[in-house]
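Let's take a walk through this fold, starting with a helix and its surroundings, then moving on to a pocket and some aromatic rings.

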Amino acid sequence: MAQTTKRAIAASLKRLLEQKPLNKITVTDIAKDCHISRHTFYYHFRDVYDLMEWTYRTEGERLLEGRRDYDNWRQGMAEVFRYIQDNRAMVQNALRSGSRDYLLPYLYQLTYELLFAVVEEKSVDKEISAGHKEFIANFYKHAFVGIILDWVEAGMRREPSDIISDLDILIRGAFVEAIEKFSRDGSC
């Protein structure tokens, strides 16, 4: 029951974010839209920003379920793009307001988790430090998120499948090559 209520509150936040930025949305707005009391809201979340974090985290986890490996990273990225398209107004309002600080960490975290899983998979039986694995995943995380942000800021005109194809060409074999290079280097 608690998860159902939380999801309903999150859906209300997303509806409101289509109309105005996060810093203009109050607990009262959400409670009214969701037909709950303010007390019910506070039973589940500390404030609107806590709700925003929970929404990004839970929806992000769902997006990448079963897609955290080398063979499926493209599907994981396609889900991220699809989520952004489906929640266009929410994402654009988040990026234009103070809630950018809530969206970006989860976008980075989501992308990092996807990429780190790929690096882990491709580094099995390799002599590579945890620090170098993290470095590779962080490097690509920044590139991927930068491309996503550029796409959003350009109005999401380009087809995500084209972007993912370009990413695939760009990094095909690059994970393995980076792992091999760090494995040969041996230093951390």
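A quick term before we start: contact here means heavy atoms within 4.5 Å. Keep in mind, too, that this is a predicted model.

Start at helix α6, which covers residues 88-96. Buried residues there are M90, V91, Q92, N93, A94 and L95. So what covers them? The cover over the buried part of α6 includes α1 (2-17), α4, α5, α7 and α8 (130-153).

Some of those helices turn up again around the largest pocket. At least two lining residues come from each of α4 (48-64), α5 (73-86) and α7 (100-122). The pocket holds about 210 Å³ of space, and 17 residues line it. Nearest its centre you'll find Y56, G60, Y106, L107 and L110. By character, the lining splits into 10 nonpolar, 5 charged and 2 polar residues.

Now for the rings. The whole structure has 9 aromatic pairs. Take W73 and F144: their ring centres sit 5.8 Å apart with the planes at 50°, so this pair counts as tilted. W73 belongs to helix α5 and F144 to helix α8, so the pair links parts of the chain 71 residues apart. Both W73 and F144 are buried.

Helix α8 has another ring to look at, F135, which pairs with F182 of helix α10 (residues 174-185). Here the centres are 6.0 Å apart and the planes meet at 75°, so F135 and F182 are edge-to-face. Because the two rings lie in those two helices, they tie together parts 47 residues apart in sequence.

Finally, look at F41, Y42, F45 and W54, which ring pairs join into a cluster.

Key: Residues numbered from 1 in each chain as written. Predicted model: local features only at pLDDT ≥ 70, side-chain atom pairs only at ≥ 80, totals over all residues. Heavy atoms only, no water. 1 Å grid on protein atoms, 1.4 Å probe; cavity = no way out; pocket = protein on both sides within 12 Å on 5 of 7 lines; lining within 4 Å. Points joined across faces, edges and corners; volume = space filled by probe spheres on them. Helix = DSSP H or I, 4+ residues; strand = E, 2+ residues; numbered from the N terminus. Nonpolar A, V, L, I, M, F, W, Y, C, P; charged D, E, K, R; others polar. Buried < 20%, exposed > 50% of the residue type's maximum accessible area, 1.4 Å probe, protein only. Phe/Tyr/Trp six-rings, centres within 6.5 Å; stacked < 30°, edge-to-face > 60°.
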